[in-house]
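Please report on the salt bridges and the strand pairing in this model. Keep it brief.

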Amino acid sequence: QVQLVESGGGLVQAGDSLRPSCVASGRTFNSYAMAWFRQAPGKEREFVAAINWSGGSSTKYADFVKGRFTISRDNAKNTVYLQMNNLKFEDTAVFYCALDRRIYTPMAALSTSATTYNYWGQGTQVTVSS
């Protein structure tokens with residue numbers, strides 16, 4: 001059984017930084033792409049960032065986080081991170097990590113669709129005060 005457990009959310013002021021993390025268990029972590037999504041109150045879940053199974057620069061970002069957020073992974077620790085800098089009030093949401101249903105996804109096929117990911121964490125709350 002695959003488990004994804006997020007942590008590292010919190011309450012911060014606009015302009016601050018946070019670094020949520022997600023630890024995976026129950027599957028060969030380093031064979032699958034990972035992603036972060038978020039859901040704000042009253043809004044649909046939206047894509048934030050994704051990283052290929054091999055990590056490094058094989059990443060994709062939503063336009064609204066480019067230059068502020070960085071996704072990374074440590075396959076030795078089965079962990080994916082989301083470094084969030086210069087947080088804005090509109091970043092307030094529950095952040096979820098997700099595991100790609102496909103194995104060894106090539107960089108060009110990194111997906112922004114939630115339906116591509118079949119395992120999800122419970123979410124971590126990020127609240128940014130203005």
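D63 and K66 form a salt bridge in this predicted model. Their closest N and O atoms are 3.2 Å apart. D63 is exposed, at 65% relative accessible area. K66 also counts as exposed, at 52% relative accessibility.

A search of the whole structure finds five salt bridges. The table lists some of them, including the pair above.

| Acid | Base | Closest N to O |
|---|---|---|
| D63 | K66 | 3.2 Å |
| D91 | R68 | 2.7 Å |
| D100 | R102 | 2.9 Å |

D91 and R68 are bridged at 2.7 Å. D91 sits in the loop between β8 and β9 (93–103), and R68 in the loop between β6 (59–61) and β7, so the pair ties together parts 23 residues apart in sequence. Both D91 and R68 are buried. The two residues also belong to a network of salt bridges that links R38, E46, R68 and D91.

The side chains of D100 and R102 meet at 2.9 Å, N to O. D100 is buried, with a relative accessible area of 0%. R102 is partly exposed, at 29%.

Now the strands. An open sheet is built from four strands, ordered β1-β3-β8-β7, with antiparallel pairing. β1 (3–7) and β7 (69–74) are the edge strands, and each pairs on one side only. From one strand to the next, the twist averages 15°. Within the sheet, β3 (residues 21–25) and β8 (residues 79–84) pair in the antiparallel sense over three bridges. V23 stands opposite T79 in β8.

Definitions and conventions. Residues are numbered from 1 along each chain as its sequence is written. This is a predicted model: local features need pLDDT of at least 70, side-chain atom pairs count only at pLDDT 80 or more; totals for chains, interfaces and linings use all residues. Side-chain values use heavy atoms; hydrogens and water are left out. Two strands pair if DSSP finds at least two bridges between them. Helices (H or I, at least four residues) and strands (E, at least two) are DSSP runs, numbered from the N terminus. Axes are lines fitted to C-alpha atoms, for helices over the stretch in contact, and angles run from 0 to 180 degrees between N-to-C directions. A salt bridge is a side-chain nitrogen of Lys or Arg within 4 Å of a carboxyl oxygen of Asp or Glu. Buried means under 20% relative accessible area, exposed over 50%, partly exposed in between (1.4 Å probe, protein chains only).
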